[in-house]
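Welcome! Please take a look at the sequence and structure below, then work through the exercises at your own pace.

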Amino acid sequence: QVQLVESGGGLVQAGGSLRLSCAASGRTFSSYGMGWFRQAPGKEREFVSAIGLSGISSYYANFARGRFTISRDNAKNTVYLQMNSLKPEDTAVYYCAATSGGKDYYTMSLSESYYYWGQGTPVTVSS
């Protein structure tokens, strides 16, 4: 069992930055691939980014590539999402999720691939 707690969301102006954190419980964090998803009001949950077990492999949705950076610190049981050049359309609740390792990009982009989810942290980008 893994418990995930996101933090770092808030209100930011367009063009600004936020860094989201996701702290995981348990001693097996390094055995989980981690992902970030988001859900805007009235829309379906969508993939943002994912990272492999060691942090070497990372994957991004097209809208995130070049603006967002995912990273992880296995010693701190934490995964991060640095978001730069934020746009109003980035407004959403952001969720982190955990899955088993060794999955490819396509599999890690699917929400149904993940076993554990956090409660989400809201991000609002004003224009």
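Contact here means heavy atoms within 4.5 Å. The model is predicted, so local features need pLDDT of at least 70 and side-chain atom pairs count only at pLDDT 80 or more, while totals for chains, interfaces and linings use all residues. Residues are numbered from 1 along each chain as its sequence is written, and side-chain values use heavy atoms, with hydrogens and water left out.

**Exercise 1. Find the surroundings of Asn-77.**

Step 1: Locate the residue. Asn-77 sits in the loop between strand S7 (68-73) and strand S8 (78-83). Helices (H or I, at least four residues) and strands (E, at least two) are DSSP runs, numbered from the N terminus.

Step 2: Look for its contacts. Setting aside neighbours within four places in sequence, Asn-77 is in contact with Cys-22, Ala-23, Ala-24, Ser-25, Gly-26 and Phe-29.

Step 3: Decide whether it is buried. Buried means under 20% relative accessible area, exposed over 50%, and partly exposed in between (1.4 Å probe, protein chains only). Asn-77 has a relative accessible area of 17%, so it is buried.

**Exercise 2. Do the same for Ser-21: where does it lie, and which residues does it touch?**

Step 1: Ser-21 belongs to strand S3 (residues 18-24).

Step 2: Not counting residues up to four places away in sequence, Ser-21 touches Val-5, Glu-6, Ser-7, Trp-36, Thr-78, Val-79 and Tyr-80.

Step 3: Ser-21 counts as buried because its relative accessibility is 16%.

**Exercise 3. Trace the salt bridges that involve Asp-90, then follow the network they belong to.**

Step 1: Set the rule. A salt bridge is a side-chain nitrogen of Lys or Arg within 4 Å of a carboxyl oxygen of Asp or Glu. This rule gives a count of three salt bridges.

Step 2: Begin with Arg-38. Its side chain meets that of Asp-90 in a salt bridge of 2.8 Å, N to O. Asp-90 lies in the loop between S8 and strand S9 (92-100), and Arg-38 in strand S4 (residues 32-39), so this pair ties together parts that are 52 residues apart in sequence.

Step 3: Move on to Arg-67. The side chains of Asp-90 and Arg-67 form a salt bridge at 2.7 Å, N to O. Arg-67 is in the loop between strand S6 (58-60) and S7, so its pairing with Asp-90 ties together parts that are 23 residues apart in sequence. Both Asp-90 and Arg-67 are buried.

Step 4: Join the pieces. Through shared partners, salt bridges link Arg-38, Glu-46, Arg-67 and Asp-90 into one network.

Step 5: Add the remaining pair. Glu-46 forms a salt bridge with Arg-38, with the closest N and O atoms 2.7 Å apart. Glu-46 is partly exposed, at a relative accessible area of 32%, whereas Arg-38 counts as buried at 6%.

**Exercise 4. In what order do the four strands of the open sheet stand?**

Step 1: Two strands pair if DSSP finds at least two bridges between them.

Step 2: The order is S1-S3-S8-S7, and the pairing is antiparallel.

Step 3: Strand S1 (4-7) and S7 are at the edges, each with a single partner strand, so one side of each is left without a neighbour in the sheet.

Step 4: Zoom in on one pair. S1 and S3 run antiparallel and are joined by four bridges. Leu-4 stands opposite Ala-24 in S3.
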